[in-house]
Amino acid sequence: MAEAVDGVEALDEFRAILGGEARSVDVVAVEQELTQLWKAAAEDTAEGRSVVRACVLNLVAYATGDDVAQHINEVISQISSRHPSRSIVIVADPQAKAAQLRASISAHCQIPTEGGKQVCSEQVTLHASGAAVDELHGTVLPLLIPDLPVFLWWHDEPSLRSHLLQELLDSADRLVIDSADFPSQRAAGALADIQRLTRENDVALSDLNWSRLTHWRELIAQFFDAPPGRQYLDRLDSVSVEIASTHGREADLTEGLLLVGWLASRMGWTLEDGGQQPRGGAVSFALRGAVGPVAVELRPGPAHPGEELYSLSFRAGAEATFSISRKVDDEACVVATAEMPDGAGHSRVVRMDVPSEATLLCDELDMLGHDVVFEEALAQAVQFMTAGR
Amino acid sequence: MTVTAPPRPRLAWQAYADWFGTARRASDNPSDRHNDKMTTEERVDNPLRAGMRSQRTPEPNTLVIFGASGDLTQRKLVPALYDLALEGLLPGGFSVVGMARRPKSHSEFRSEMKDAVARHSRTKPLQPSAWDAFAANLHYCSAQFTDPEGYAQLASMLEKIESETGCRNRLYYLATPPNYYSEITGRLGEAGLASSDDCWTRIIVEKPFGHDLASAAELNRTLLGVFAEDQIYRIDHYLGKDTVQNILVFRFANGIFEPIWNRRYIDHVQITVAESLGVEGRGGYYEQAGVIRDIIQNHVMQLLSLAAMEPPATFEPDAVRDEKVKVLRAVRPIPPEEAQDSTVRGQYGSGVISGRKVVGYREEERVAKDSAAETYLALKLLIDNWRWAGVPFYIRSGKSLPKRVTEIAIIFRQPPLSLFPSTDGSRIDPNVLSIIIQPDEGISLKFGSKVPGPQAALRIRPVEMDFRYGTSFGVAAPDAYERLLLDAMLGDATLFTRRDEVEAAWAFITPIVEGWAKAQPPRYPNYEAGTWGPDEADEFIERDGRKWRRL
Ligand SMILES: NC(=O)c1ccc[n+]([C@@H]2O[C@H](COP(=O)([O-])OP(=O)(O)OC[C@H]3O[C@@H](n4cnc5c(N)ncnc54)[C@H](OP(=O)(O)O)[C@@H]3O)[C@@H](O)[C@H]2O)c1
């Protein structure tokens, strides 16, 4: 009798979890609870459709504070359709006095296609405070699904002193950060530290701030895919980047510097003289390319909701100009214009949505190995930042 | 000064690899990971391209669409172009010239296309500023396809556009009724529009490519009289589908399947292309074509060649197509006298599909009341080579079937010994690997497993291991036409059919059609809409001791 009641309760409970609710569980029993959840789900044929538990990777996310954790939950739920994963979300409060650890489980389910199966993935949330934060790896590591890649998404400025970070990096394949969240005076140092740290641990590195550049880089490369544009690439002598102020903050140069770092590393430009500081907040660098000097300037531009890069322009002497700029009357689009002699120029409008954090993260999760192009761009960008100070 | 980059054959493979990223991730093989490393050493003509997903954009060019007011142009071509433009995948200096009979101004043409894009583009709503920029490069040229004047007009229009964009690459697209293909080709040649000195000129030919071997060969001769084979892109839009390309990735990027992909382990193969719709107003065309020309000759033969081909030495267009055509040539011919016995034809009568009443084929628009066109076909074919000798391939395709599904199923042999005596008289199901191409694309493997329980008598039940992507994983795949248009502009012919492939496919199909013509047609209608075809089709496969898969 008692068993039957239990059965009904269990059924309601797992339906609630698949419906998006979180349920507290004993930290040592997380794995067992998950097994039970999926077992109950598999047996529930009431609605005539089966639930598939899907998992292609481990995603460990680190957040401080409940607001950030809430945001991370949303992002994970958006990416779970493309990257169904076991996600382990750490909500840390290292400053707290009392050492505490609580766990809960929840699930992310897709709305099934007609007649199709419902694909779900699972999440474990660990709330840790005080000294418990530093010991968390002992709880996280056994929860990783063996033989699947481990992505560590550190939603905070990583601190080299964090014992937890060090320990988790040991088991991770990729560290994902977002340098847009770093205070600009510390960005150079932080990025340099992270690059060293990931190299030492042989962990691949992703910066969401770099992924924001993907579409920009594609459009830039397109100018030089074919003649007649191609011939001007080696003769570029000036690059100018306009940075918008976003969210009412002051223009932050990190994204722009990553872009310039990318150009410099691809083109073999070296820094001659750097960081001649503000003329209305602008920074300029003197670089040397294979053919001659290249002048680079980053300056604050108009405000744009959501993205820092506002416009770019490249010049090869007085002959050719290539530019990409947000459209004034339609912020979802950019205009890409090439001006070249003999009517070879062209101009077109391309849609460029500001990618959401989920989109950016999705792209990084697609990648397993090192992104060498990024790492080289980052090394250059760090140089510029250091020179700029 | 650099010259035009040669076609980059790696592109197609690159895209396959990207595409299959999701699946590959599940295996965490260290050597795999190494390969994933984005190499900077890779020699790219444009240094900024290193490590990027797309390896290049096409050179500026002008696309000339013949039949620019047609259904295909409105539903597929222009929406695909707009979506490509929106993603920034089309080069600056790209223009379109639409050519058709009815006179209209550029701006009338643009506004027609705008409506078409608003309805059919996969990105909604229409982005006004992107549309305006795209539409500025749309032009219209009104002419009869038979009128030399029209081509002169086209030439001067091209000249004018090209003087502005500075680039004379041209891509022609034959989106006209098929009886104009030869006419247009010949006229283009006459007008000196079929080639130019320092730029490329290419031509895309839509299906149907001929209606039998003789007409296909004739069309090839006409095309080759004006264009070289490497200028000709014969479209089979099935090849533009991600999931079809995935057959190759699945077979050749995974180590575990190729060793068992042969007669030693495989009992037989079933290829199903089922549609739940009827002929949908295309009765006139269907009367002439039937399912054998509409689906089997092109799409099914392509699926067959991808599933059965040997691994190509490289992923260059010709290496892949060489292997595909070898399969088609090894298919044992069905001579006319055997056509009747080796195939089962059907035509649907009225019925109910998904709760909706539908009329029979003979009641459809522009269909004869005593039509002998087949809307269903089942056939068995054999491939006479070392890999496949003795393994039958059962093919079935039809309209107004219970659901829309395209799949290739590999049915493996039973284990050599039956260790486990069956208790309930049922035999153990064979292992089945199915590659589902649409609509719920994925791969699933069926195998036997013990039913839990302490009983001494073992019970074995089939269970399925499923892998789904695409729709169930919520990624909007680009339309096949986007991929194919871009490939043609890039000069990558991997996903287009070559002359010998088309002719080999027709060489197999034509004797069957001839055999049918001599025999008495079956008594139609012989299956009800909403069922899995005529009963004879079941008897047909059961004669060999096998069964159609229940889908
Ligand atoms: N529709 C599809 O979904 C589909 C799918 C696969 C393959 N296809 C193939 O694609 C081709 C086109 O199909 P469709 O459905 O788009 O055909 P459609 O709707 O009949 O369009 C035919 C086009 O050709 C033009 N045209 C016809 N005769 C002409 C002449 N003598 N001079 C100048 N223009 C002429 C028409 O122009 P006007 O309007 O000015 O008369 C119209 O633009 C066919 O070969 C078909 O088999 C179509």
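In this predicted model, D544(B) is partly exposed, with a relative accessible area of 30%, and its salt-bridge partner K380(B) likewise counts as partly exposed at 30% relative accessibility. The closest N and O atoms of K380(B) and D544(B) are 2.9 Å apart. Because K380(B) belongs to strand 12 (residues 376-381) of chain B and D544(B) to the segment that follows helix 16 (535-542) of chain B, the pair ties together parts that are 164 residues apart in sequence. Elsewhere in chain B, salt bridges that share partners join D318(B), R321(B), D322(B), R329(B), R498(B) and D500(B) into one network.

**Other salt bridges**

Side chains of opposite charge can pair when their charged atoms come close. Over all chains, the structure holds 44 salt bridges, and three of them are set out here with the distance between nitrogen and oxygen.

| Salt bridge | N to O distance |
|---|---|
| R186(A) and E157(A) | 2.6 Å |
| K380(B) and D544(B) | 2.9 Å |
| K207(B) and D294(B) | 3.3 Å |

In chain A, R186(A) lies in helix 6 (residues 184-201), while E157(A) sits in the loop between strand 7 (150-154) and helix 5 (163-171), so this pair ties together parts that are 29 residues apart in sequence. R186(A) is partly exposed at 45% relative accessibility, and E157(A) is also partly exposed, with a relative accessible area of 21%.

The pair formed by K207(B) and D294(B) links distant parts of chain B, 87 residues apart: K207(B) is in the loop between strand 5 (201-205) and helix 9 (213-226), whereas D294(B) is in helix 11 (residues 283-308). Here K207(B) is partly exposed, with a relative accessible area of 22%, but D294(B) has a relative accessible area of 3% and is therefore buried, the limit for that class being under 20%.

**The ligand and its surroundings**

The ligand is surrounded by 22 residues, of which the closest are S69(B), D71(B), R75(B), R101(B) and R102(B). By character, the residues of this shell divide into eleven nonpolar, five polar and six charged. The largest share of the shell, three residues, comes from helix 4 (residues 71-86) of chain B.

Several polar atoms of the protein can be placed beside the ligand. An N or O atom in the side chain of D71(B) is 2.6 Å from a nitrogen atom of the ligand, and a nitrogen atom of the ligand also lies 3.0 Å from a backbone N or O atom of F145(B). The backbone of T176(B) contributes a polar atom that is 2.8 Å from an oxygen atom of the ligand. Taken alone, the ligand exposes 890 Å², and the protein buries 83% of that area.

**Strand 2 of chain B**

Strand 2 (residues 95-100) of chain B is largely enclosed by the rest of the structure, because six of its six residues are buried. Both faces of strand 2 are covered, with S95(B), V97(B) and M99(B) buried on one side and V96(B), G98(B) and A100(B) buried on the other. Strand 2 pairs in the parallel sense with strand 1 (residues 62-66) of chain B, over five bridges, and within this pairing V64(B) stands opposite V97(B) of strand 2.

Technical notes:
Residues numbered from 1 in each chain as written. Chains lettered and ligands numbered in written order. Predicted model: local features only at pLDDT ≥ 70, side-chain atom pairs only at ≥ 80, totals over all residues. Heavy atoms only, no water. Near = heavy atom within 4 Å. Polar contact = N/O pair within 3.5 Å; in protein donor to acceptor, adjacent residues only side chain to side chain. Areas by Shrake-Rupley, 256 points an atom, 1.4 Å probe, with all protein chains shown as cover. Helix = DSSP H or I, 4+ residues; strand = E, 2+ residues; numbered from the N terminus. Nonpolar A, V, L, I, M, F, W, Y, C, P; charged D, E, K, R; others polar. Salt bridge = Lys/Arg side-chain N within 4 Å of Asp/Glu carboxyl O. Buried < 20%, exposed > 50% of the residue type's maximum accessible area, 1.4 Å probe, protein only. Pairing = 2+ DSSP bridges.
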